[in-house]
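Work through the exercises below with the structure open beside you. Try each task before reading its solution.

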2 protein chains.
Amino acid sequence: MSTERSINFSAGPAIIPESVLQKASKEMLNWNNTGMSLMELSHRSGPFKELIAKIEQDLIDLLKIPETHKVLFLQGGAHFMFSGVPLNLMGENGKGDYILTGNWSTRAMNEAKKYGKVNVVCKPDEFNKIPPKEEWNLSTDASYVYYCDNETVKGVEFPDIPDVGDVPLVCDMSSNFLSRPFDVSKFGCVYACAQKNFGMAGLTIAIVRKDLIGKQLPYTPMMLDFELQAKANSMFNTPSTYAIYIAGLIFDWLKEQGGLEEIAKINLKKCKLIYDAIDNSNGFYKSPVEIKSRSRMNIPFVCKNKEWETEWLEGAAKLKLVSLKGHRSVGGFRASIYNAMSYEGCEKLVNYMIDFMKSKEK
Amino acid sequence: MSTERSINFSAGPAIIPESVLQKASKEMLNWNNTGMSLMELSHRSGPFKELIAKIEQDLIDLLKIPETHKVLFLQGGAHFMFSGVPLNLMGENGKGDYILTGNWSTRAMNEAKKYGKVNVVCKPDEFNKIPPKEEWNLSTDASYVYYCDNETVKGVEFPDIPDVGDVPLVCDMSSNFLSRPFDVSKFGCVYACAQKNFGMAGLTIAIVRKDLIGKQLPYTPMMLDFELQAKANSMFNTPSTYAIYIAGLIFDWLKEQGGLEEIAKINLKKCKLIYDAIDNSNGFYKSPVEIKSRSRMNIPFVCKNKEWETEWLEGAAKLKLVSLKGHRSVGGFRASIYNAMSYEGCEKLVNYMIDFMKSKEK
């Protein structure tokens, strides 16, 4: 890592592999011998059509996406899909089941209320765990069951894909997409915004089961219409071409790392390192999340004296360990360790955590 | 201009000033001493908040936007606003007046039909002119009058802002925004996507009269809700941070050129050069557009023998004059000469046009 670079623990927009940024920098004035930047290139041009086809295929390969499912390159972020999911999938039943485990699933549910009925499947008193399935109240007539696989604010993650029977399962995987392999065939729709694990804000990838496409409500805006977008292969209008290009560079990087199986192993090692430091600190640091629901991507923690927080953050910043402040609704600290955060970056953080603790316990 | 660069006449995504790309390239790994790329920087961070405030102020200065109007940094493209305009502005009257002068205003009207009534104010048989106001059929009870200031496909542009009395005027200025000064106070809402005159795809700027904000229909998706976005200063969710940054670099470049008054003069000189070459070619080249409605931004033209088109395009490409093929619905050629296209680029095109003509008329 070059000496000028920070070690960026931001929850999003977030760290991007340095080699990706170097390539983007190098190609900025002349991409692929076109004599222009990718951002100047017409989306209707041959070179761009080839590029987006390659990127889609790389994603299909990385996730082993079956032919039953369609990849859509959309814009916006998760919020785009908070509306897009009910608009496209509520269908005739007009009802969505929502599993609430944090801020984002709650916001998605509130948005869905505009378009039909919602049923709260479960909601813990505090958003610090995934409630056990025995406590779930699934409908018998829902058009889909919705959940957020990883909640960034409080750092709660589903350990497995929930089993909801035959009802299409819809998942916001914005903050842990591509961080481990998963079985796409289990989903009616799974989506993620790019600015956590595959690039920059302004791009959302949705993977939708083809037989669910075509049920949009009559007042669905064009850009949110899965059928329109699927028929046009995500080129109904100008897509976020540059964000798609950056995502493609990150897919290349993921393949270089050995694919999702390998990145999943590294991600487990990374989060274990930090959780161990918390758990072995004799209560100096604490994680507010139930152990089996802990996120591998976003690790919120507090230290035992709230008054030390500013000093802690300032000391970290001196070592270039940045964007570690907890979400404004939670306080304390939060280390977001997406794919692009190296094991070495996590080690530096842990060393600092221990040094700080020692300095206070002399 | 560096020798490796093409002379890019694409209608969009389109040419970007080389100095802007150089700066973006240089700052890719470390923006403003943050130790990270702008695309890795949290939108909630201090440095980004300062940046977006500066960029908004630069736009206010460039366009002299009055305090009656609010700037919104939205996502998507013009299509986002095709839905956003009726969703936010149809209001109680439930009716929009649409002036049809090409593909894009027509598509906007069709989208508006989902959300209320539309009235076609005028529609020429062919989209090769702006119909005179005597032929317009304005409603007495419309919530707004909509038009597209410059239609890229056939190259038709309004010479002036139409006078529609007290009804709020809404304008899609996607392809000529910032190409000349205009009186923002005359508009209820004016918007533009970024990928013509201020950067990359995935960003739309809307300037909305504040008293018109708050009339959104109940099923307006969050991201399209002007009130939500205005209250959050365009930071309700993660905006297209990198596209906003690029827009900011282009606003800096525009100020260096002397602002909109100066760029408007250059744009007039550029299009005059090309239209003169067409008009002085004794019918070898032809423009299909009525003279007083000709676009300053997109110049479609044909040569007298359709069979020469491929040869013409190939010859142009050898001189690095690229993306000159006409829209697939029109054929022939199209030179899009947005702000970032230099006068020298237009001269090279005109020299080639004349050389080709001479080679055929020997």
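The exercises that follow concern a predicted model.

**Exercise 1. Relating the two chains**

Find what turn and what shift along the axis lay chain A on chain B.

Solution.
- Start with the general idea: two copies of a chain are related by a rotation about an axis and a shift along it.
- Here the turn is 180 degrees and the shift along the axis is 0.0 Å. The RMSD after laying chain A on chain B is 0.0 Å.
- These values therefore give the relation of a two-fold axis.
- Now look at the contact: 100% of the contact residues of chain A recur in chain B, so the same surface serves both copies.
- Finally, locate the axis on the chain. Of the residues of chain A, A:S25 comes closest to the rotation axis, with its C-alpha at 2.2 Å.

**Exercise 2. The annotated domain**

State which residues of chain A UniProt assigns to a domain, and describe that stretch.

Solution.
- An unreviewed UniProt entry places "domain: Aminotransferase class V" at residues 8-349 of chain A.
- Over residues 8-349, chain A is 32% helix and 16% strand.
- The end C-alpha atoms of this stretch are 11 Å apart.

**Exercise 3. Two helices packing on α9 of chain A**

Decide how α8(A) is oriented to α9(A), and how α7(A) is oriented to α9(A).

Solution.
- Two packed helices are described by the angle between their axes and the distance between the axes.
- Take α8(A), residues 309-318, and α9(A), residues 343-360: the angle is about 135 degrees and the axes are 11 Å apart.
- That angle makes α8(A) oblique to α9(A). Their crossing is right-handed.
- Next, list the contact. A:E311, A:W312, A:G315 and A:A316 of α8(A) meet A:L349, A:Y352, A:M353, A:F356 and A:K360 of α9(A).
- Sorted by class, this contact has 6 nonpolar, 1 polar and 2 charged residues.
- Now take α7(A), residues 259-279. Its axis and that of α9(A) come within 9 Å and cross at roughly 5 degrees.
- Angles under 35 degrees count as roughly parallel, so α7(A) and α9(A) are roughly parallel to each other.
- On the α7(A) side the contact has A:K269, A:K270, A:L273, A:I274, A:A277 and A:I278. On the α9(A) side it has A:Y343, A:C346, A:E347, A:L349, A:V350 and A:M353.
- The classes here are 9 nonpolar, no polar and 3 charged.

**Exercise 4. A helix pair in chain B**

Describe how α1(B) and α6(B) pack, from the angle to the contact residues.

Solution.
- Helix α1(B) covers residues 18-26 and α6(B) covers residues 241-256.
- They pack at about 135 degrees, with axes 9 Å apart. The two helices are therefore oblique to each other.
- The crossing of α1(B) and α6(B) is right-handed.
- From α1(B), the contact uses B:S19, B:V20, B:K23 and B:A24. From α6(B), it uses B:Y242, B:Y245, B:I246, B:L249, B:I250 and B:W253.
- By class, that is 8 nonpolar, 1 polar and 1 charged residues.

**Exercise 5. Unusual backbone geometry**

Locate the cis peptide bonds at A:P13 and B:P13, and the positive phi at A:L178.

Solution.
- Recall the background: most residues other than glycine have a negative phi, and most peptide bonds are trans.
- In chain A, a cis bond joins A:G12 and A:P13, with omega about -15 degrees. A:P13 sits in the loop between β1 and α1 of chain A.
- In chain B, a cis bond joins B:G12 and B:P13, with omega about -15 degrees. B:P13 sits in the loop between β1 and α1 of chain B.
- A:L178 is not a glycine, yet its phi is positive, about 70 degrees. A:L178 lies in the loop between β8 and β9 of chain A.

Definitions and conventions: Residues numbered from 1 in each chain as written. Chains lettered and ligands numbered in written order. Predicted model: local features only at pLDDT ≥ 70, side-chain atom pairs only at ≥ 80, totals over all residues. Heavy atoms only, no water. Least-squares fit on C-alpha atoms with pLDDT ≥ 70 in both. Contact = heavy atoms within 4.5 Å. UniProt positions renumbered as here; feature names shortened; annotations may be inferred. Helix = DSSP H or I, 4+ residues; strand = E, 2+ residues; numbered from the N terminus. Axes fitted to C-alpha atoms, helices over the stretch in contact; angles between N-to-C directions. Parallel < 35°, antiparallel > 145°, perpendicular 65-115°, else oblique. Left-handed = near helix turned anticlockwise from the far one by under 90°. Nonpolar A, V, L, I, M, F, W, Y, C, P; charged D, E, K, R; others polar.
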